[in-house]
Amino acid sequence: MQRHHTVCAAAALLAAAVLTPARSWAHAFLDHATPRVGSTVHESPDAVTLAFTEPIEPDFCRVEILDAHDHRVDSGPIEHPTATELRVALPALPPSEYTVHWTVTSVDTHQTEGRFTFTFAAP
Amino acid sequence: MTTVVTILGWLDLLGTVVLAGGVAYARFVAPLSRSGRRATSLAALLLAVTLFLELLATSVRLSGFVQDGAWSLFSKIMATQWGRLWLLRCVGLAAVVAVPFGSRVQVILVALWLLARSFQGHAGAHGAVPAAIDWLHLSAACAWMGSLLQFVLSRPPNLAAVVERLRRIATLSVAVLLPAGIFAVWLHVPTVTDLVSTPYGRVLLAKIAIALSIFILAARKHFVHVPAIDRGSTTTIGSLHASVRVEVIGGALVLLLSALLGALSMPAPTVH
């Protein structure tokens with residue numbers, strides 16, 4: 001009877017795992033961003049928010065925002081609103097194409113980096 | 001750095017399998033031989049050194065993020081999930097070696113200690129359920145491969161009984177390893193194409209190929225060698241030992257590839 005319970009518990013655990021709908025990745029990759037990756041916005045965004053595929057360690061993350069002339073935008077400190085998100089406040093931006101370069105460390109200490117652009121065009 | 005992380009991960013896995021497998025063998029199969037005891041002691045020592053080196057390597061990898069000195073870096077690492085679990089693994093290792101070898105308490109401590117490892121790695125970053133599945137996978141691999149190593153290092157007088165107990169452990173381990181392994185592939189590789197088009201997928205394929213070869217050898221042992229020994233045959237004993245040695249070497253290769261998978265980046269999802 002005890003063996004039967006053990007087998008049932010193992011099967012239930014495995015079934016729960018297999019039936020979990022969302023799949024995840026063992027390194028933190030960018031899932032989505034605001035402003036959206038490659039988008040054009042017509043109002044200066046007050047912040048850039050990056051959402052990753054898994055929890056990250058905020059002390060070991062870096063976000064750099066560059067304008068079209070590779071000048072660094074003086075953004076605020078990195079905020080960590082949720083386990084998978086980073087947010088940096090932005091000053092009022094002049095119209096330009098901006099590149100967001102991010103480096104993050106997931107909770108298993110693996111690092112990933114990437115970049116994307118968005119454009120702020122005057123309305 | 002990938003090479004260093006892979007080598008350290010391999011040493012960590014080897015030590016874990018030898019120590020945890022030795023405990024499983026002592027509890028469920030037979031008392032350890034003198035060589036077997038020495039192997040588990042060396043494994044505990046190897047793990048202690050490897051844990052320290054892993055902290056060192058992680059500090060070097062993360063040093064670029066902290067500008068205000070080594071102590072600040074150390075405190076920040078210790079505040080991470082990885083750092084807390086690293087500390088738990090160190091304390092757990094000390095507890096495992098402090099209790100009587102092969103006792104029920106030690107089996108429970110080893111199980112909890114393996115759980116900390118599963119939560120510290122890739123699977124733990126995914127969440128609690130993947131970490132629990134990884135723990136089942138790791139526990140089964142330790143019980144199976146660690147027991148086979150102990151068998152190689154011993155010459156038990158009651159061979160038929162020992163082989164029968166080993167067969168039970170191997171059967172149960174395969175029953176856990178196969179579904180847990182399939183789950184890990186499903187979790188880590190988004191599409192079938194990624195299995196051949198990414199370094200992660202190709203290493204995973206190599207690992208599966210070696211694991212399947214070990215399964216075939218184990219099946220031969222299960223259906224041919226063990227029944228023959230049960231019938232009193234002595235001619236198959238040499239063949240059985242040779243097969244087990246090959247399985248242990250294959251197991252070490254699988255652990256190497258597992259360590260490499262732990263260092264490689266998985267196929268990335270689409271960003272929007």
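This is a short walk through a predicted model with chains A and B, going from the strands of chain A to the helices of chain B.

Okay, some housekeeping. Residues are numbered from 1 along each chain as its sequence is written, and chains are lettered from A and ligands numbered from 1 in the order in which they are written. Because the model is predicted, local features need pLDDT of at least 70 and side-chain atom pairs count only at pLDDT 80 or more, while totals for chains, interfaces and linings use all residues; side-chain values use heavy atoms, with hydrogens and water left out.

So, confidence. pLDDT is the predictor's confidence in each residue, from 0 to 100. Chain A averages 83, and 79% of the residues score at least 70. Where does pLDDT stay under 50 in chain A? That's residues 10–25, and the model has 29 contacts for them beyond four places in sequence. A contact, by the way, is heavy atoms within 4.5 Å.

Now the strands of chain A. When I say helix or strand, I mean DSSP runs, numbered from the N terminus: H or I with at least four residues for helices, E with at least two for strands. Two strands pair if DSSP finds at least two bridges between them.

With that in hand, look at the open sheet of 4 strands in chain A, in the order S2-S8-S7-S4, with mixed pairing. Its edge strands are S2 (40–41) and S4 (62–66), each pairing on one side only. S4(A) runs antiparallel to S7(A), residues 96–105, and 5 bridges join them. Find Leu66(A), and you'll see Thr99(A) of S7(A) standing opposite.

On to S7(A) and S8(A), residues 111–120: they pair antiparallel over 10 bridges. Thr105(A), for instance, has Gln111(A) in S8(A) as its bridge partner. The two strands form a hairpin with 5 residues between them, and in that turn Thr109(A) has a positive phi of about 70°. Is S7(A) mostly covered or uncovered? Mostly covered: 9 of its 10 residues are buried. Buried means under 20% relative accessible area, exposed means over 50%, and partly exposed is in between, using a 1.4 Å probe and protein chains only.

Next, S6(A), residues 85–89. One face, Leu86(A) and Val88(A), is covered, while Glu85(A), Arg87(A) and Ala89(A) make up the uncovered one. S6(A) pairs antiparallel with S3(A), residues 47–52, over 5 bridges, and there Ala51(A) is partnered with Glu85(A). S6(A) also pairs antiparallel with S5(A), residues 78–79, over 2 bridges. In that pairing, Glu79(A) meets Arg87(A), and S5(A) and S6(A) form a hairpin with 5 residues between them.

Let's go inside. A nonpolar core here is a set of buried Ala, Val, Leu, Ile, Met, Phe, Trp, Tyr and Cys residues joined through side-chain atoms within 4.5 Å. Which residues have the most contacts inside the largest core? They are Tyr25(B), Trp144(B) and Phe151(B), in a core of 58 residues. Helix H7 of chain B, residues 128–152, gives the largest share, 10 residues. There's also a second, separate core of 23 residues, and among its members are Leu86(A), Tyr98(A), Val100(A) and Phe120(A).

Back to Trp144(B): beyond four places in sequence, its contacts include Ile169(B), Val174(B), Phe215(B) and Glu247(B).

Another helix in chain B is H4, residues 81–98. Its 18 residues should span 26 Å at 1.5 Å a residue, and the end C-alpha atoms are 26 Å apart, which agrees; the expected span is 1.5 Å times one less than the number of residues. Among the buried residues of H4(B) are Trp82(B), Trp86(B) and Arg89(B). What covers them includes H1 (2–28), H2 (34–62), H3 (70–78) and H5 (104–120) of chain B.

In H2(B) you'll find Ala39(B), which counts as buried because its relative accessible area is 16%. Not counting residues up to four places away in sequence, Ala39(B) touches Val18(B) and Leu153(B).

Last topic, cysteines. How many disulfides does the structure hold? It holds 0 over all chains, where a disulfide is a pair of cysteine sulfur atoms within 2.5 Å. For Cys142(B), the nearest cysteine sulfur, that of Cys90(B), is 17 Å away. Cys142(B) is buried, at 1% relative accessible area, and Cys61(A) counts as buried at 8%.
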